[in-house]
Amino acid sequence: MRLVASDIDGTILGHDGKISDRTVRAFHACREAGVELVFVTGRPPRWLHPLEEQLGHTGTVICSNGAVVWDLEAGQLVSARTMALPDVFEVRRIIKKLRPTALFAAETLNGFHLEPGFIENDTSELLSEYTPAPLSETLAADDAVVKFLAIVREGTADDFLAAVAPAVGDLANVTHSAPTVAMLELSVPGVNKAVTLAKYAASLGIDAGDVVAFGDMPNDIEMLRWAGHGYAMASGHPEAIRAAGQQAPHFDDDGVAQILEGKLAELGVSRP
């Protein structure tokens, strides 16, 4: 175990926005043992506060499902893979034809753009920061889209993904990570968590066989397959569980901490 790569939401962070004390101790013990830590998330850089405030993490974070690499300590972009605007609008057209009720949003390097109705909760903090408007009016030629979002109010995310993925073809990579919402996350083709994690590990001289990875949703599948030791949370999506070589205990049982404690014991490090 030379590198630990972990998803955030549903893997180490609960719906209450908290990371358990046991999990925090396990990550700190990894760092003290000389194990590299990297967090690999669908979140944008602006939503990384739990890592800073609860874990004291100051290293690299792979964001937006692999499209963005962010230096948390410096608070700056390391690299990004972005979608061309013509592709974004063509993907929107295709999805709208499949699901006329679909609504859309775009995460860019400069902010967030959302169509009216994309967020149902009128008290959402996002609505206090960003004004809904047609994307054709708010996305400018110089906007770099790192993640395109599509949501419908009917059906499941799995059904939505099954319909959209073959239809968009080579225009975008499609996945999802919201457990209770039929929302898809689209990025530039060829980009996912595994691709960017592999490049990051290689930059440290670390092979896949020395990487322990944790995740819980379909956007983690490629990463869990790539890592030498991929663990899906027992509380995770069935597809993630099937993809991973191994399973970590349920989120509510501090599954990540349990696995890390065992790995650290193998390295001769006492229980944190």
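In strand β10, Ala182 is the bridge partner of Val152, and this pairing belongs to a contact between β8 and β10 in which five bridges join two strands that run antiparallel. The structure described here is a predicted model. The briefing starts from the sheet that holds these two strands, an open sheet of five strands in the order β7-β6-β8-β10-β9 with antiparallel pairing, and then turns to an open sheet of eight strands with mixed pairing, the nonpolar cores and the aromatic pairs.

**The five-stranded sheet**

- The edge strands of the five-stranded sheet are β7 (112-114) and β9 (173-175), each of which pairs on one side only, and the twist from one strand to the next averages 20 degrees.
- Strand β8 is mostly covered, since eight of its eight residues are buried.
- On one side β8 is joined to β6 by six bridges, with the two strands running antiparallel, and within β8 it is Ile151 that stands opposite Leu103.
- Strand β10 also pairs with β9, in the antiparallel sense and over three bridges, and here Val174 stands opposite Leu186 of β10.

**Helices against the five-stranded sheet**

- Helix α3, which spans residues 85-98, lies across β6, β8 and β10 and runs at about 10 degrees to β8.
- Helix α6, which spans residues 157-168, lies across β8, β9 and β10 and runs at about 30 degrees to β10.

**Ser187 in strand β10**

- Ser187 has its place in strand β10, which covers residues 182-187.
- With a relative accessible area of 5%, Ser187 falls under the 20% limit and therefore counts as buried.
- If residues up to four places away in sequence are not counted, Ser187 touches Met83, Val146, Ala172 and Asn173.

**The eight-stranded sheet**

- The strands of this open sheet follow the order β5-β4-β3-β2-β1-β11-β12-β13, and their pairing is mixed.
- Its edge strands are β5 (76-80) and β13 (246-248), each pairing on one side only, while the twist averages 25 degrees from one strand to the next.
- Strand β1, made of residues 3-6, pairs with β11 in the parallel sense over four bridges, and the bridge partner of Ser6 in β11 is Phe214.
- Helix α1 (residues 21-32) lies across β1 and β2 (36-40), running at about 135 degrees to β2.

**Nonpolar cores**

- In soluble globular proteins, nonpolar side chains tend to be buried together.
- The largest nonpolar core in this model has 60 residues, of which Ile95 and Phe148 touch the most other members.
- Ile95 is in contact with Ala102, Phe104, Ala150, Phe160, Val164, Val168 and Leu186, when residues up to four places away in sequence are left out of the count.
- Apart from the largest core lies another core, of 17 residues, which includes Leu3, Val40, Met223 and Ala244.

**Aromatic pairs and a charge over a ring**

- The structure holds four aromatic pairs, among them the pair of Phe104 and Phe148, whose ring centres are 5.5 Å apart and whose planes meet at 5 degrees, so that the pair counts as stacked.
- Because Phe104 lies in strand β6 (residues 103-108) and Phe148 in strand β8 (residues 145-152), this pair ties together parts that are 44 residues apart in sequence.
- Phe104 and Phe148 are both buried.
- Phe214 and Tyr231 also form a stacked aromatic pair, with 5.6 Å from centre to centre and 25 degrees between the planes.
- Since Phe214 lies in strand β11 (residues 211-215) and Tyr231 in strand β12 (residues 229-233), the pair ties together parts that are 17 residues apart in sequence.
- Phe214 counts as buried because its relative accessibility is 0%, and Tyr231, with a relative accessible area of 5%, is buried as well.
- A charged group also faces an aromatic ring: the charged end of Arg46 sits over the ring of Trp47, at 5.1 Å from its centre.

Note on methods: Residues are numbered from 1 along each chain as its sequence is written. This is a predicted model: local features need pLDDT of at least 70, side-chain atom pairs count only at pLDDT 80 or more; totals for chains, interfaces and linings use all residues. Side-chain values use heavy atoms; hydrogens and water are left out. A nonpolar core is a set of buried Ala, Val, Leu, Ile, Met, Phe, Trp, Tyr and Cys residues joined through side-chain atoms within 4.5 Å. Buried means under 20% relative accessible area, exposed over 50%, partly exposed in between (1.4 Å probe, protein chains only). Contact means heavy atoms within 4.5 Å. Rings of Phe, Tyr and Trp (its six-membered ring) pair if their centres lie within 6.5 Å; planes under 30 degrees apart count as stacked, over 60 as edge-to-face and the rest as tilted. A charge sits over a ring if NZ of Lys or CZ of Arg is within 6 Å of the ring centre and within 35 degrees of the ring normal. Two strands pair if DSSP finds at least two bridges between them. Axes are lines fitted to C-alpha atoms, for helices over the stretch in contact, and angles run from 0 to 180 degrees between N-to-C directions.
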